[in-house]
Amino acid sequence: MPTLNDIVSKPDLLVSGHRMCAGCGIAPIIKTILAASDKPVIIANNTGCLEVVTTIYPYTSWSAPWMHLTFENSAAVAAGIEAAYKAFRKRGKIDKEVNILAIGGDGGTYDIGVQALSGALERGHKFMYVVYDNEGYMNTGNQRSGATPYGASTTTVPAGKESIGKPQWRKNIVEIVAAHRIPYAAQATVHQTLDLFKKAQKGFNADGPSFLAVLQPCTTNWAYDPSLTMKYSRLAVETNFWPLYEVENGRIHINFKPRERKPIEEFLKGQTRFKHLFKPENGHVISEMQRMIDEEWARILKLEESEVRI
Amino acid sequence: MSIVKSLTGAQAAAEAMRQINPDVVVAYPITPQTPIVEYFAEFVANGIVNTETIPVESEHSALSAAVGASAAGARAMCATSSQGLALMWEIVAATPGLRLPIVMPLVNRALSAPINIHCDHSDVMGTLTLGWIQIFCENAQEAYEHMLLALRLAEDERVLLPVMVNQDGFITSHAVEPVKIYDDETIKKFIGERKLNRYLLDVDHPFTVGPLALTDYYFEIKKQQEDAIYAAKSVYLEIGKELSSITGKGYPYFEEYKASDAEAIIITLNSTAGTVKDVVDEMRNEGKRVGMIKPILFRPFPYAEVREALKNVSSVGVFDRSIAFGAYAPLYSEVRNALYDLPKKPKIQSYIYGLGGRDIFKSEIRFSFNELLDGKVDPNIQNYLGLRG
């Protein structure tokens with residue numbers, strides 16, 4: 001297993017000079033994942049934060065072959081690249097092995113891109129799909145997505161006198177993906193570099209499609225101090241809000257179990273999107289959130305214990 | 001060497017694809033779906049071609065995957081029709097912007113609503129501003145040959161743009177005709193290999209495809225795209241000449257049928273041209289000076305050449321198989337534009353016909369020719385053929 005030093009000393013495929021917000025977690029996520037590949041990586045990237053800040057023409061931050069088409073279809077684009085690769089291999093036009101990586105934000109994955117993703121997983125293309133999940137349409141200014149958590153205030157479902165913010169819990173994208181019976185799916189986060197690295201390695205080396213959902217706290221629209229991204233990532237894990245686990249050939253393995261899980265308030269505190277929950281009349285929302293988190297944690301513990309394949 | 005096969009238009013397009021043997025073909029069967037990729041899938045299943053196929057989950061993903069494959073360096077194709085083209089519209093717009101030489105046969109059919117699966121040109125006409133080269137085919141033979149020409153045109157380094165090769169839904173796509181298929185080796189030589197400068201699979205030379213270009217560059221990039229589609233005009237003739245040496249036929253911008261001395265001319269696209277030619281023959285036998293023009297290369301539109309061809313004609317009738325709702329019909333609009341610079345303009349009249357697959361009859365074409373010959377022409381009246389009530 002490499003050390004952190006090994007990971008950071010690999011040549012950067014995503015180089016500096018991009019225009020991400022100060023404190024944004026996307027670059028460390030992508031750099032860690034790219035460092036985990038032992039082959040050249042070809043990237044298909046959905047429209048979103050990562051795409052717009054890295055390729056403002058005539059500049060590019062990418063030292064790897066990289067392509068953007070539209071918002072919802074990086075899985076389909078990756079499928080096309082994979083087919084081209086197979087055709088080239090068959091026809092003797094390439095002898096190198098490559099890894100193909102599709103990247104999207106949560107809007108382009110949970111919502112508008114879920115069909116292209118599902119199709120590509122079902123067809124079994126050899127590629128890895130990564131969602132950097134900042135729990136909303138953050139590039140366009142904090143609109144609600146299928147990944148936005150219960151109780152969060154967004155510009156499309158704001159909190160107000162008659163609204164607690166988003167009234168639904170987010171989709172379970174990892175289990176939706178795992179239901180395609182792919183060899184590897186995992187949930188990771190930005191501050192756990194080695195955990196993310198190992199998961200990316202497993203994903204790249206999987207015998208078929210693989211999937212990583214990586215939590216990416218958004219300094220701009222969760223609205224906290226840019227120095228605190230790693231802290232919020234850690235709190236998301238320590239409160240069981242974002243459990244670190246993987247589904248290998250259908251079997252769940254939890255990678256981190258907090259000795260004592262922290263109350264969800266610790267994660268919510270200081271984020272403007274949850275500020276309204278601390279008003280006395282919204283106390284029930286936090287209790288409900290806590291109940292859902294604990295119930296979900298108990299469920300995945302049971303899944304892990306049972307060794308039943310999902 | 002060539003052999004004559006009994007083929008539908010869809011099979012003829014698939015035959016061209018067989019000879020091209022693309023690296024990647026992507027398929028999705030939307031309603032109304034086209035059998036082109038099914039015929040092609042049989043070639044794959046039987047080892048006649050060694051293409052990688054991707055049976056995707058939507059038409060949007062179909063063109064997306066073809067674009068990914070093409071950017072990766074592959075010769076990539078897909079086929080569609082009607083609703084499928086409508087669903088892939090976002091990617092239809094992006095493909096020429098990325099300068100990817102994808103050839104896509106399009107079986108022209110009506111757009112919903114109401115849902116209708118029959119021949120109509122509403123599907124393609126809605127995409128004319130997006131930057132694809134558009135080629136229209138009268139019959140299965142043309143559908144076959146124009147696929148071959150289209151591939152060379154798309155991939156020419158002076159062009160690098162996608163091409164749609166249009167044929168009429170059912171009338172051409174599902175009707176069996178004798179089609180002359182030229183010798184595989186000769187065609188393979190004509191087709192050649194795709195020349196690649198920069199492509200994603202060239203991992204030693206990474207490059208970025210599809211960046212964000214803002215107010216400082218977008219405009220210039222779009223101008224280059226426009227220059228490329230205008231450049232396609234002369235390249236089309238050049239490649240057409242090369243194809244002529246195999247087929248013995250010409251590949252003009254438009255077909256002129258008994259047009260040189262005609263008083264009245266009807267201009268129409270695709271399969272209707274065959275019926276109009278029949279009527280021209282009949283009326284010529286009666287001593288009437290009528291003729292026909294059938295546009296083949298529709299984007300880029302050959303304005304100057306159309307103007308030249310019509311300069312001595314008294315009356316022109318333009319037949320459109322689609323409506324532009326609130327504007328002049330698409331083909332009429334182009335022809336009318338082409339005539340603007342003539343000092344002595346022919347009279348011109350618009351006829352809409354055949355929407356949703358309604359048949360057009362020789363009697364209706366004859367009726368139109370007679371109107372044109374009698375000078376009963378009013379550019380401000382929209383005429384409809386075969387419309388009840």
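Which strand of chain A pairs with strand 10 of chain B, and in which sense? Keep that in mind while you get your bearings; we'll come back to it at the end. One caveat before you click anything: this is a predicted model.

**Stop 1: all of chain B.** Select the chain and switch to cartoon. You should find 13 helices and 17 strands. The C-alpha trace spans about 70 × 50 × 45 Å along its principal axes. A compact globule of 389 residues would have a radius of gyration near 21 Å, and chain B agrees, with 21 Å. Colour by burial and 52% of the 389 residues count as buried. If you like contact maps, look at pairs with a separation of 6 or more: 80% of those contacts in chain B join residues 24 or more positions apart.

**Stop 2: the two domains.** Colour 2–247 of chain B as domain 1 and 255–385 as domain 2. Their C-alpha centres lie 28 Å apart. Where they touch, domain 1 of chain B puts in 29 residues and domain 2 of chain B puts in 20. On the domain 1 side, pick out helix 6 (122–125), strand 7 (133–136), strand 8 (163–168) and helix 9 (218–247), each of which supplies at least two residues. Helix 9 of chain B gives the most to that side, with five. Colour this side of domain 1 by class and you get 15 nonpolar, ten polar and four charged residues.

**Stop 3: helix 5.** Now select 89–97 of chain B and show side chains. The buried residues here are Ile91(B), Val92(B), Ala94(B), Thr95(B) and Pro96(B). Add helix 3 (59–72), helix 4 (82–87) and helix 9 of chain B, which are among the elements covering them. Just past the end of helix 5, click on Arg99(B): this residue takes a positive phi of about 60°.

**Stop 4: over to chain A.** Bring the other chain back into view. Here 38 residues of chain B are in contact with 40 residues of chain A. On the chain B side, strand 3 (52–55), helix 3, helix 5 and strand 10 (208–209) each give two or more residues. Helix 3 of chain B gives the most, with ten. By class, the chain B side has 24 nonpolar, ten polar and four charged residues.

**Last stop: the opening question.** Zoom in on strand 10 of chain B together with residues 66–68 of chain A. Those residues are strand 2 of chain A, which pairs with strand 10 of chain B in the parallel sense, over two bridges. To see how the strands line up, label Trp66(A) and Thr208(B), which stand opposite each other.

Note on methods:
Residues numbered from 1 in each chain as written. Chains lettered and ligands numbered in written order. Domains from an automatic or database assignment. Contact = placed C-beta atoms within 7 Å. Helix = DSSP H or I, 4+ residues; strand = E, 2+ residues; numbered from the N terminus. Nonpolar A, V, L, I, M, F, W, Y, C, P; charged D, E, K, R; others polar. Buried ≥ 20, exposed ≤ 12 C-beta atoms within 10 Å, placed from the backbone. Pairing = 2+ DSSP bridges. Rg over C-alpha atoms; globule rule 2.2 N^0.38 Å.
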